[in-house]
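Biologist: Please take me through one part of this model in detail, and start from the chain as a whole so that I can place it. I would like to know who touches whom.

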Amino acid sequence: MEEVISAITGRATGKTRWGVRKSSTAVAVGVVAVALLLGGVLLLVLLQSSLIASTNTTARQKAQSVIVELEDVDVSDAHEYMLATARAGQYVQLLDPAGYVVASSDPIAAYSPLSAQRPGPGRTLSQDVSSLPTLGDQDDFHLVASGSPGGYTVIVAQSTQLRADTIATVAWFMLGATPLLLGIVAGSVWLLVGRSLRQVETIRGQVARIDAERLDERVDVPSTHDEIRALALTMNTMLERLQASDHEQRRFVSDASHELRSPLATLSAGLEIAAADPSGAMWLEMKDVLSQETARMRYLVESLLTLAKANDHGLTLDETDVDLDDIVDLEVRRLRSTSRKEIRAELIPARVRGDANRLAQVLRNVFDNAERHALSRITIRLSTYGDAAIVTVDNDGAPVPEPDRDRIFERFVRLDSSRSRESGGSGLGLAIAAGIMTAHRGSIRTSEGPSGQCRFEMVLPAPGLVTAPAPAARGSRRHRPPASSRR
């Protein structure tokens, strides 16, 4: 047994670990063998108990029937009754008060008492003996002695050989049937597991042939409704994710290299030009351009790292309770200091849980995008609805075309192809904003405002907020002036 366990687990013997088919067959046979062993022992014990009880009951009933006959008639009639009801393997004696045999069911038992027990009237005693020398029989017997009125004793000797033969027959039958049953179990499990593993092997072979150049291939899904079908569906789902991830990675590398090529080329050319001028004057002329391109490349790298973390759910947030209206107000002030367009702001107090710096980054990216596309006016509103805080940014430029309203939040997407990278941004701002909003369990979308203006709407969960805060609450918090005076 230890060798089987070692072969299955691959321990201690140094042999090759068994496969699923062999292991399943061995375990099934072992479990069934143990179950048969325990069940067989239990069956034999119960069968023996039942036969012992049956033998004792039969002997007692015989003794009582003789006593009944003895009470109604005389000894000769009881003798006739014992002879008429005699059967093989059972001996009945009737003893008088002096202990002599006065009647028996068989002439061989007509001379000496079969038992020395003499119970009183109405009492019954029993015992098991290994042999009865009186009968010249070496078999085991079960003796029952019952007392009757008048001092007579009825002794019944019931052979237990039939009981032993029955138990032995059942035991040998079970012993002979066990190997056959174990063979059937082993064959059935071997075939069933083999059939299942053939489907698994088919799936494994198909997956093994799929490489980076053939991620569009899928494994065959069996028509059965079992775990193998679920495995095939799961493998296809995994392949779809791998294909999407591979496509995203290739596009990411392509877009990143394309975006970084321009500042790198400018830096390389600037350094070559500056190095060719021994006077150093060209370096003084080129340093501003090189510094600007260096800052631009640093921004691209940081933005790409932020996007990579957001897409892999690895964006670390320093979440605290923050006043969203403070963050919006600060970004509005920054926008007013750098933009020549009219900036309107309508803010109410709203507290959310999140990373203040990341939320400010979202607002800055969206505000900068609105400033680039607005004609003359930008309107920013902070409101609440239920358990959500909503920031709405409207600009009087053209709204995003409906087919592009989801695509605009992808990396390096610029809907206006005529806008240069210097004037139109890197195409990463809105993608970063979407990733940060998702990490905050919020959302961002673009739509068209009531007057046909371009609108961006950011929604953040804010448990505990009411739909319409009272004016007193807006004015009393931190002694701020009303929202209308903060425009």
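Modeller: Happy to! Of the 487 residues in the protein chain, 37% are buried. Please keep in mind that this is a predicted model. The chain holds 11 helices and 12 strands. If you take the contacts between residues at least 6 apart in sequence, 62% of them join residues at least 24 apart.

The part I would zoom in on is helix H7, which covers residues 324-338. Its 15 residues reach 22 Å from the first C-alpha to the last, close to the 21 Å expected at 1.5 Å a residue. Which of its residues are buried? They are Leu324, Asp325, Ile327, Val328, Asp329, Glu331, Val332 and Leu335, so both acidic and nonpolar side chains appear under the 20% cut-off. When you read that list, it helps to recall that an α-helix has 3.6 residues a turn, so residues three or four places apart point the same way.

Now look at what H7 packs against. Helix H8 (residues 356-373) lies with its axis 10 Å from that of H7, at an angle of about 40°. The two helices are therefore oblique to each other, and their crossing is right-handed. From H7, the residues that take part are Ile327, Val328, Glu331, Val332, Arg334 and Leu335. They meet Ala356, Leu359, Ala360, Leu363, Arg364, Phe367, Asp368 and Glu371 of H8. Ile327, Val328, Glu331, Val332 and Leu335 are thus found both among the buried residues of H7 and in its contact with H8.

Val328 deserves a second look. The largest nonpolar core has 55 residues, and Val328 is one of the six that touch the most other members, together with Val366, Ile380, Val393, Phe456 and Met458. In soluble globular proteins, nonpolar side chains tend to be buried together. Ile380 from that group leads straight back to our helix: beyond its neighbours within four places in sequence, Ile380 is in contact with Val328, Val332 and Leu335, among others. Phe367 is also in contact with Ile380, and Phe367 belongs to the H8 side of the contact with H7. The other partners of Ile380 include Ile343, Ala345, Leu347 and Val393, along with the charged Arg344 and Glu346.

From H8 you can step on to helix H10. The axes of H8 and H10 come within 9 Å and cross at roughly 145°, and this crossing is left-handed. H8 brings Arg358, Gln361, Val362, Asn365, Val366 and Asn369 to the contact, while H10 brings Gly429, Leu430, Ile432, Ala433, Ile436 and Met437. Val366 is another of the core residues that touch the most other members.

Just past H10 there is a residue whose backbone you may want to check. Arg441 sits in the loop between H10 (429-439) and strand S11 (443-448). Its phi is positive, about 60°, although Arg441 is not a glycine. At 54% relative accessibility, Arg441 counts as exposed.

So, if you follow the path from H7, you pass H8 at the oblique crossing, then H10 at the left-handed one, and end at the loop that holds Arg441.

Notes
Residues are numbered from 1 along each chain as its sequence is written. This is a predicted model: local features need pLDDT of at least 70, side-chain atom pairs count only at pLDDT 80 or more; totals for chains, interfaces and linings use all residues. Side-chain values use heavy atoms; hydrogens and water are left out. Helices (H or I, at least four residues) and strands (E, at least two) are DSSP runs, numbered from the N terminus. The expected span of a helix is 1.5 Å times one less than its number of residues. Buried means under 20% relative accessible area, exposed over 50%, partly exposed in between (1.4 Å probe, protein chains only). A nonpolar core is a set of buried Ala, Val, Leu, Ile, Met, Phe, Trp, Tyr and Cys residues joined through side-chain atoms within 4.5 Å. Contact means heavy atoms within 4.5 Å. Axes are lines fitted to C-alpha atoms, for helices over the stretch in contact, and angles run from 0 to 180 degrees between N-to-C directions. Angles under 35 degrees count as roughly parallel, over 145 as roughly antiparallel, 65 to 115 as roughly perpendicular and the rest as oblique. A crossing is left-handed if the near helix is turned anticlockwise from the far one by less than a right angle, and right-handed if clockwise.
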